[in-house]
Amino acid sequence: MAGRFAPRPTRTTVRGGHVVVSARVPRQAPAAARVRTWVPDGPLDLGLVLGPLRRGTGDPTFRTTPDGAAWRTSLTPAGPGTLRITQRSDGIRGEAWGPGADWLLEQLPELLGAADDPSAFVPRHKLLAHTRHRRPGLRLLRTGLVLESLIPSILEQKVTTGDAYRAWRLLVRKFGVPAPGPAPERMAVMPAPRTWALIPSWEWHRAGVDDKRASTVLRAVRVAARLEEAVRMPPEEARARLELVSGIGPWTSAETVQRSHGAADSVTTGDLHLPGIVGWALAGNRDADDSVMLSLLEPYAGQRHRAARLVLLSGRTPPRRAPRMAHGDIARF
């Protein structure tokens with residue numbers, strides 16, 4: 001995800017969530033766009049809000065362009081769609097193409113955090129108060145879609161950031177559909193559940209995805225409709241439903257509902273780096289585990305994910321003292 005602030009970012013530090021808004025997929029002929037303008041009720045930093053949706057700089061479903069626009073593709077309930085978002089003096093302008101255009105524009109305010117309440121967060125640490133002051137435009141997004149965040153989160157289980165992003169990039173470009181409208185080069189919409197289910201085993205292997213993660217994706221897409229229903233549930237109930245699928249645990253369910261639901265309290269547990277980062281930032285304890293992290297975040301009950309996000313955005317990370325996790329390329333075997 002976006003939000004690099006450390007010299008050697010890990011998947012966890014990158015999850016702070018900030019992008020700089022600054023198989024080949026054939027281009028489609030430009031089509032007329034649906035347009036909507038929305039005026040937020042407070043400060044909004046487009047890069048901060050949308051940052052958690054980007055899976056690496058080569059993500060086929062997310063792109064920023066030099067004109068300041070953020071492009072995003074989605075497989076909506078109405079079909080594939082492309083959304084272009086720009087921030088202007090008169091508000092946020094959304095332009096959308098494809099069968100899912102109307103759905104994407106209807107969801108635009110929630111995508112940009114309209115349902116989020118930043119005022120509910122009361123900082124108890126000077127670091128978080130200072131970070132929130134520096135980042136007044138932070139809102140927690142809500143996509144209203146489960147599978148588009150669940151599948152890349154499964155691919156990120158227990159591998160390096162680069163390996164996970166590469167797998168997502170290769171699979172979406174090869175098996176997704178072209179992005180509707182005048183989208184930037186090589187953008188694509190993620191595959192439909194049935195397409196995921198029909199990906200041959202050797203294509204998973206070529207993308208560097210082991211059998212365990214591939215099998216988890218396959219189990220999830222077989223019950224895709226039931227999982228998408230979870231978007232109408234409270235976050236904790238949604239997580240419980242996701243975790244009924246073998247291979248989906250607390251780490252993956254939290255990473256999913258943070259995006260699909262805008263869940264302000266769904267802090268990620270089971271992460272290799274996050275407890276140490278939170279422990280170091282709030283208590284000078286780089287060896288903190290999940291229990292220590294949750295104890296430190298207890299004063300922020302109801303807003304623990306937002307607190308962890310602010311920690312990541314603060315840049316207060318412990319100095320490295322071990323080699324980076326080795327890159328593993330199973331496609332070579």
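**Exercise 1.** In this predicted model, identify which residues of helix 10 are buried and which helices they pack against.

*Solution.* Step 1: apply the cut-off for burial, under 20% relative accessible area. Step 2: list the residues of helix 10 that pass, namely Arg213, Ala214, Thr216, Val217, Leu218, Ala220 and Val221. Step 3: relate the spacing to helix geometry. An α-helix has 3.6 residues a turn, so residues three or four places apart point the same way. Step 4: find the partners. The buried residues of helix 10 pack against helix 6 (147-155), helix 8 (193-197), helix 9 (201-206) and helix 11 (224-229).

**Exercise 2.** Compare the end-to-end span of helix 10 (residues 211-222) with the value expected at 1.5 Å a residue, then examine the start of helix 10 for a side-chain contact to the backbone.

*Solution.* Step 1: helix 10 has twelve residues. Step 2: the expected span is 1.5 Å times one less than the number of residues, so the twelve residues should span 16 Å. Step 3: the end C-alpha atoms of helix 10 are 16 Å apart, in agreement with that value. Step 4: at the start of helix 10, a side-chain oxygen of Asp210 lies within 3.0 Å of the backbone nitrogen of Lys212.

**Exercise 3.** Determine which members of the largest nonpolar core touch the most other members, and which residues Trp196 touches.

*Solution.* Step 1: the core holds 32 residues, of which Trp196 and Trp204 touch the most other members. Step 2: helix 6, helix 7 (161-175), helix 10, helix 11 and helix 12 (235-242) each supply at least two residues of this core. Step 3: leaving out residues up to four places away in sequence, Trp196 touches Ile151, Trp168, Leu171, Met190, Pro191, Trp204, Val217, Leu218 and Val221. Step 4: Val217, Leu218 and Val221 also appear among the buried residues of helix 10.

Terms used
Residues are numbered from 1 along each chain as its sequence is written. This is a predicted model: local features need pLDDT of at least 70, side-chain atom pairs count only at pLDDT 80 or more; totals for chains, interfaces and linings use all residues. Side-chain values use heavy atoms; hydrogens and water are left out. Helices (H or I, at least four residues) and strands (E, at least two) are DSSP runs, numbered from the N terminus. Buried means under 20% relative accessible area, exposed over 50%, partly exposed in between (1.4 Å probe, protein chains only). Contact means heavy atoms within 4.5 Å. A polar contact is a pair of N or O atoms within 3.5 Å; within protein, one must be able to donate a hydrogen and the other to accept it, and residues adjacent in sequence count only if both atoms are side-chain atoms. A nonpolar core is a set of buried Ala, Val, Leu, Ile, Met, Phe, Trp, Tyr and Cys residues joined through side-chain atoms within 4.5 Å.
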